[in-house]
Amino acid sequence: MEAEKITDPVGEFLVDSRYNPASIEEKWQTTWAELGLDHTPTDTNQPKYYALSMFPYPSGSLHMGHVRNYTITDVIARLKRMQGYRVLHPMGWDAFGLPAENAAIDRGVPPAKWTYQNIEQMRQQLKRLGLSIDWNCEVATCSPDYYKWTQWIFLQFYQAGLAYQKEAAVNWDPIDQTVLANEQVDSEGRSWRSGAKVERKLLRQWFLKITDYAEELLNDLDKLPGWPEPVKLMQANWIGKSTGAYLEFPIVGSSEKIGVYTTRPDTVYGVSYVVLAPEHPLTKLVTTPEQQAAVEAFVEEVTNESELERTAEDKPKRGIPTGGKAINPFTGEEIPIWIADYVLYEYGTGAVMGVPAHDARDFKFAKEQNLPIKVVIVPEGGDADASLTEAYTEPGIMVNSSQFDGMNSTEGKKAIVQYAEKQGFGKERVQYRLRDWLISRQRYWGAPIPIIHCPNCGAVPVPDQDLPVRLPEDVEFTGRGGSPLARLEDWVNVPCPTCGTPAQRETDTMDTFIDSSWYFLRFTDAKNEQQIFDSAKVNDWMSVDQYVGGIEHAILHLLYSRFFTKVLRDRGLLKFDEPFQRLLTQGMVQGLTYFNPNKSGKDKWVPSHLVDPTNPRDPQTGEPLERIYATMSKSKGNGVAPEDVIAKYGVDTARMFILFKAPPEKDLEWDEADVEGQFRFLNRVWRLVTEFVVNQSSQQTAQFQITPLALNEGTSATQWLQNPKSKIEKDLRRAIHIAIKEVSEDVEGEYQFNTAISELMKLSNALNDATCKDSSVYAEGIGTLVVLLAPFAPHIADELWHLLGNNNSVHTATWPKYDPAALVADEITLVIQIMGKTRGAIQVPAQANKVELEKYARESDVGQRYIEGKEVKKVIVVPGKLINFVLG
């Protein structure tokens with residue numbers, strides 16, 4: 001619909017009366033690009049601010065979760081620029097990974113072509129959102145000029161002794177003859193492609209020694225007050241530090257011993273069996289001839305189960321005796337050695353001691369297998385001979401524990417460890433749940449590991465001058481037979497860089513989490529071809545001041561990024577300990593979702609576009625549907641396409657809704673009515689400003705600039721406003737500066753954008769209701785509203801700023817500061833109570849003392865009506881609020 005035009009008295013065109021977001025947004029995005037407003041400043045005299053969203057995987061299209069994430073960061077970046085900071089606000093692409101390889105198999109398209117097409121499409125979508133991103137800093141992890149440095153970092157780890165190879169269990173598809181990532185194994189333990197039951201297989205794999213940094217990663221969580229506590233707790237639990245004891249149980253008839261780690265050494269006298277992981281090297285040694293066939297069958301069966309299946313809480317714990325026996329070194333008793341599916345060789349020592357009386361899992365296992373249960377800890381005053389119906393896992397008094405009887409179990413832990421150390425069969429040990437990071441992937445679309453295997457020299461790093469080790473392009477993708485790289489003889493076979501002997505490249509590529517563990521460093525010097533980054537630049541910009549992304553990355557990505565930062569610091573490349581000073585984990589975007597409660601699995605979800613919301617029924621069965629709000633996804637059919645919303649309402653409305661609907665850390669329920677509400681609000685702002693422009697023009701003051709008072713540093717209120725004295729002007733100016741104060745406070749700290757927008761609405765209402773539209777105070781209010789609106793709705797704000805006669809962009813304006821004097825009220829409302837009941841209210845001077853307040857109240861119409869001729873026994877005055885007369 002064509003906008004109506006407002007003209008001045010002689011018919012000259014001034015402004016459109018209707019808000020037309022499409023034309024405004026395209027215009028200003030072009031203007032900003034031409035002006036280079038989003039380019040990263042190089043003047044280090046200004047304070048820096050690094051605002052960063054977690055970069056996306058280029059799937060090909062943005063969803064509302066993306067829009068929310070990037071809008072939040074964009075508001076912060078725009079605000080900080082207006083507050084005088086030089087801002088780095090970059091964007092890139094987490095572009096390696098399995099989906100591109102799958103696309104190559106399914107569509108016959110090279111992964112690079114598919115990926116770069118998606119990047120181009122998503123880049124245009126992001127630009128359509130009007131985000132103030134410096135695209136000169138753009139990186140893509142699949143680009144050789146990026147993964148060259150990923151490979152270089154790997155070699156830094158290798159030189160530091162933090163990268164190594166060892167045999168490890170992997171998911172193996174016996175039909176396709178290939179290794180599968182955990183994501184490729186379904187909940188039933190089958191391959192996503194072939195449907196085969198996945199096996200566990202030992203292969204030589206590359207690892208990074210993150211465990212060397214476990215203690216520092218744990219302790220330095222205290223250096224992150226700007227992180228959400230739940231995220232820090234999740235990382236602490238993932239690192240999983242525990243202090244306990246390493247104890248050795250001799251194997252009967254052998255010089256070998258079974259080492260176990262326990263946090264409950266106080267229960268060692270209650271050990272009635274020992275359990276090995278089925279794949280433990282000692283399993284064959286301890287198995288007796290009578291049990292060999294049964295043990296081998298059990299081991300083969302367990303080998304075919306995934307780690308998830310073996311450790312699931314709701315799954316029965318299965319085990320089998322080996323026939324072998326161990327000796328409890330504390331009691332001298334012989335105890336049976338079992339193997340069980342719930343013990344994994346990769347965890348701890350690959351063996352556990354069974355104490356059924358004091359461990360819930362052991363208790364259940366012992367009951368099922370009819371194993372002895374011996375009580376060695378009882379509550380204060382408890383019975384040592386009492387039978388248990390469940391494990392007693394709390395502290396207590398040690399019993400049936402030889403010389404330790406009667407000791408408090410907490411003290412007993414230390415005493416047991418000291419005894420074990422003296423006797424030579426144990427010691428105190430600190431252990432971590434964290435395991436070294438397996439980074440090998442038997443896939444094509446990832447950064448090749450820059451190692452050459454020489455028969456004479458062993459593993460040889462690719463020399464720096466030969467980086468990057470480029471991915472070859474002549475690759476056939478079948479989805480079968482392991483990594484496609486391993487089949488390229490011309491690529492695999494190379495001379496050893498050290499001795500020249502015929503050798504072979506490493507054919508594994510790196511886990512894509514490697515790429516995302518350092519990308520924030522590259523953004524600080526993204527186009528540097530000579531080095532990974534200039535140390536002065538990276539140490540200037542880092543750490544990231546505000547990082548925004550989903551809480552689903554709380555463990556892996558955020559932990560790995562912290563690990564990388566510390567390693568590169570120790571290599572002399574960085575001068576800081578932590579990569580992200582503040583972290584905001586935004587909530588999910590949820591859509592109205594319909595489902596049939598009589599169906600299960602994916603079939604129960606009914607796409608919303610197939611449902612009549614006034615009478616929601618299953619289009620197939622006619623059954624009534626239930627509705628909930630759930631995270632938007634294709635499988636649920638509840639998504640809202642960003643481009644549809646933008647086409648109907650514009651980018652600024654979409655941004656305002658996303659920011660207003662819920663605080664950033666909370667889930668957001670998408671509601672078309674609320675989107676419409678924000679569109680109406682922007683229309684009201686448009687009318688306020690355009691009517692003001694027309695009013696000024698009609699008074700023949702067309703050449704003017706509206707600048708909020710607080711932007712003119714050094715200019716006093718009396719100079720600029722000519723000391724307005726009317727109550728109407730003073731009240732309006734108070735509303736203006738309350739808005740400045742409240743919005744400024746809301747956008748700092750916890751980023752309460754929703755309440756900040758509420759304050760903008762209040763200021764808009766105050767301006768709309770004001771009767772002093774020709775005053776300089778009103779002009780200040782109009783200018784202030786536009787400036788405060790700018791970070792949230794940047795396009796309309798710049799258009800209105802321009803209409804107000806300003807030649808510069810509003811985003812180069814200075815963020816206003818409130819005038820404390822303007823907040824002081826001249827008058828207050830005094831509530832008058834008689835015998836505790838409110839009878840009325842009057843306006844009184846704000847600075848009146850108690851005596852004066854009583855006088856005003858007595859002389860008021862309310863006072864004379866209820867007090868005249870009556871005895872006042874007591875007067876209670878609450879200054880600034882109320883006065884209460886107690887009558888006789």
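## Quick briefing: charges, overall make-up and one hairpin

Take the 93 positive and 120 negative charges of the protein, average the positions of each set, and the two means land 3 Å apart. Keep in mind that this is a predicted model. Here's a quick tour, going from the whole chain down to a few paired strands.

**Overall make-up**
- The protein runs to 888 residues, and 53% of them are buried.
- DSSP-wise, you're looking at 28 helices and 35 strands.
- Along the principal axes, a box of roughly 105 × 85 × 65 Å holds the C-alpha atoms.

**Contacts and surface**
- Of the contacts with a separation of 6 or more, 70% link residues 24 or more positions apart.
- About 40200 Å² of the protein is exposed, with carbon and sulfur atoms supplying 48% of that area.

**Strand E24 and its partners**
- E24 covers residues 502–505 and pairs with E21, residues 451–454, in the antiparallel sense.
- Two bridges hold that E21–E24 pairing, and Gln-504 in E24 is the bridge partner of His-453.
- E24 also runs antiparallel to E23 (residues 493–495), this time with three bridges joining them.
- Here a proline meets a proline: Pro-495 has Pro-502 of E24 as its bridge partner.

**The E23–E24 turn**
- What do E23 and E24 form, and how many residues sit between them? They make a hairpin, with six residues in between.
- Gly-500 lies in that turn and has a positive phi of about 80°.

Notes:
Residues are numbered from 1 along each chain as its sequence is written. This is a predicted model: local features need pLDDT of at least 70, side-chain atom pairs count only at pLDDT 80 or more; totals for chains, interfaces and linings use all residues. Side-chain values use heavy atoms; hydrogens and water are left out. Helices (H or I, at least four residues) and strands (E, at least two) are DSSP runs, numbered from the N terminus. Buried means under 20% relative accessible area, exposed over 50%, partly exposed in between (1.4 Å probe, protein chains only). Contact means heavy atoms within 4.5 Å. Accessible areas come from the Shrake-Rupley method with a 1.4 Å probe; for residues, only the protein chains shown count as cover. Lys and Arg count as positive and Asp and Glu as negative; His and the chain ends are not counted. The place of a charge is taken as NZ of Lys, CZ of Arg, CG of Asp or CD of Glu. Two strands pair if DSSP finds at least two bridges between them.
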